[in-house]
Amino acid sequence: MTSKKVGILTLHYGLNYGGVLQTYATKETLKKLGFEPIIIDRIPEAFGRNYPLHRKLAHPFTQRAFYLFRKHELQPISRPVFNSQELTDLLQSDYYGIVIGSDQVWRKEVFSVDGDYYMIHQQQLPIKKVAYAASTGVATWEYDEQETREIAAALKTFTGISVREEESVHMMREHCGVEACSILDPTLLADPQIYEPLRKKAKLSGTRKLITYILDWTVDKQRIIEQACVETGLEVQHILPQEKKRKGIWSRIINQDPCVYDWVNQIATADFVVTDSFHGMAFCIIFNKQFVAIGNATRGMVRFTSLLGQFGLSQHLTVDTLPNITQTIDYHSVNKVLTDKRIEGINFLRNSL
């Protein structure tokens, strides 16, 4: 039987390790289920029509870490599409279905992309439409009355709706009149063996180190990290520096972020991790790391509480003080929950497609 082409519509183009890795995990999971995944290159029109050319000429130098990962690991990618009509035209060709998500594709700020992450303008397309661990990022419904009507009508054409946070299940029912289930982020749902080829390409390790992955540095976070170093006796190694020197093209070229392969391997080999990132937490769980998560309200606190609550790890979440890190995580129990939730997520995808 020939494979069926399924598009992946997600936030694959950002300078974000979690964003590109959840795209990679979605692609690999769909391949394992027998589909032919293609990442939809939906570019916000505000980026401009010259963005693909700029990306091709400049990003190998200014965004090398992410450019190389997309080039080698996020293939195939569709032709660029800049608006809803171009997306509709693309999907009308020979696509069997489209998977939307994960990441915060349903957060209010992304609605500016003409509602395409809700398929508002593609309701009549006779393809399978599946929301895959889509996240609103916050625990409150942010759309106005008109937007809500459009979203509700579009979601009723989906063959499967899943969200990443339990709070979103209630929002879908209350505001849109549709039933959704809560499933794991693709990075957690995927077979963890998919990360081994990435690790083999890494040059950096976190062995005998306290690794930090901090997106938004504050004085409180710095203090928590210093206390954790004292209590663990480990030397600290920051994946991202506290101060980024990114003004001017030469500075961006010289001060590159670590490659995605190193990011994965540093967490996989760390002795302890401190992070304020959702996907930082996710990969700690994947690799069974001892960690402290610092809640990041600006980027969506519910993402932290929902994920850790599912695994009984809420005591490892903090905001401004170091929790008791002598209480080690029981990964035997965590992995049992993870196995069950992986089965639920795979069954959802298979049944929806």
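## Close-up views of a predicted model

**View 1. Helix α11 and what covers it.** The buried residues of α11 are covered by a set of neighbours that includes α1 (17-32), α3 (64-73), α8 (196-199), β7, β8 and α12. Keep in mind here and in the other views that this is a predicted model. Helix α11 itself spans residues 260-269, and 10 of its 10 residues are buried. So who is on that list of buried residues in α11? It has Val 260, Tyr 261, Trp 263, Val 264, Ile 267 and Ala 268, but also Asp 262, Asn 265, Gln 266 and Thr 269.

**View 2. Two helices side by side, α12 and α13.** Helix α12 covers residues 278-286 and helix α13 covers residues 301-310; they pack at an angle of about 15°, with 10 Å between their axes. Angles under 35 degrees count as roughly parallel, so α12 and α13 are roughly parallel to each other. The crossing of the pair is right-handed. On the α12 side of the contact you'll find Phe 278, Met 281, Ala 282 and Ile 285, and these meet Arg 303, Phe 304, Leu 307 and Leu 308 of α13. How do the residues of this contact divide into nonpolar, polar and charged? Seven are nonpolar, one is charged and none is polar.

**View 3. The five-stranded sheet.** Reading across this open sheet gives the order β8-β7-β9-β10-β11, with parallel pairing. At the edges stand β8 (235-238) and β11 (317-318); each has a single partner strand, so one side of each is left without a neighbour in the sheet. Zooming in on one edge, β7 (residues 209-213) and β8 pair in the parallel sense over four bridges. To find your bearings there, look for Lys 209, whose bridge partner in β8 is Glu 235. Helix α12 from View 2 shows up again here: it lies across β7, β9 (272-275) and β10 (291-294), and runs at about 160° to β10.

**View 4. The six-stranded sheet.** Here the open sheet has the order β2-β1-β3-β4-β5-β6, with parallel pairing. Its edge strands are β2 and β6 (181-182), and each pairs on one side only. Helix α1 packs on this sheet, where it touches β1, β2, β3 (97-100) and β4 (128-134), and its direction makes about 160° with that of β2.

**View 5. Strand β1 and its partner β2.** How many of the six residues of β1 are buried? Five are, so this strand (residues 4-9) is largely enclosed by the rest of the structure. Strand β1 pairs with β2 (residues 35-39) in the parallel sense, over five bridges. A handy pair to pick out is Ile 8, which stands opposite Ile 39 in β2.

**View 6. Strand β5 between β4 and β6.** Strand β5 runs from residue 160 to residue 163 and pairs with β6 in the parallel sense over two bridges; with β4, the pairing is parallel too and has three bridges. On the β6 side, Ser 162 has Cys 181 as its bridge partner. On the β4 side, Val 130 is matched with Gly 160 of β5. Which residues point which way from β5? Gly 160 and Ser 162 point one way, Ile 161 and Val 163 point the other way, and all are buried.

**View 7. Backbone oddities in the loop between β3 and β4.** If you like checking torsions, start with the peptide bond from Gly 101 to Ser 102: it is cis, with omega near 5°. Ser 102 sits in the loop between β3 and β4. The loop between β3 and β4 also holds Asp 103, where phi is near 70°, a positive value in a residue other than glycine. Asp 103 is buried, with a relative accessible area of 10%. Met 119 lies in the loop between β3 and β4 as well. Its phi is near 60°, again positive in a residue other than glycine. Is Met 119 buried or exposed? Met 119 is buried, with a relative accessible area of 0%.

**View 8. A cis proline after α3.** The peptide bond from Gln 75 to Pro 76 is cis, with omega near 0°. Pro 76 belongs to the loop between α3 and α4 (84-91). Helix α3 is also among the elements that cover the buried residues of α11 in View 1.

Definitions and conventions: Residues are numbered from 1 along each chain as its sequence is written. This is a predicted model: local features need pLDDT of at least 70, side-chain atom pairs count only at pLDDT 80 or more; totals for chains, interfaces and linings use all residues. Side-chain values use heavy atoms; hydrogens and water are left out. Axes are lines fitted to C-alpha atoms, for helices over the stretch in contact, and angles run from 0 to 180 degrees between N-to-C directions. Angles under 35 degrees count as roughly parallel, over 145 as roughly antiparallel, 65 to 115 as roughly perpendicular and the rest as oblique. A crossing is left-handed if the near helix is turned anticlockwise from the far one by less than a right angle, and right-handed if clockwise. Contact means heavy atoms within 4.5 Å. Ala, Val, Leu, Ile, Met, Phe, Trp, Tyr, Cys and Pro count as nonpolar, Asp, Glu, Lys and Arg as charged, and the others, Gly among them, as polar. Two strands pair if DSSP finds at least two bridges between them. Buried means under 20% relative accessible area, exposed over 50%, partly exposed in between (1.4 Å probe, protein chains only).
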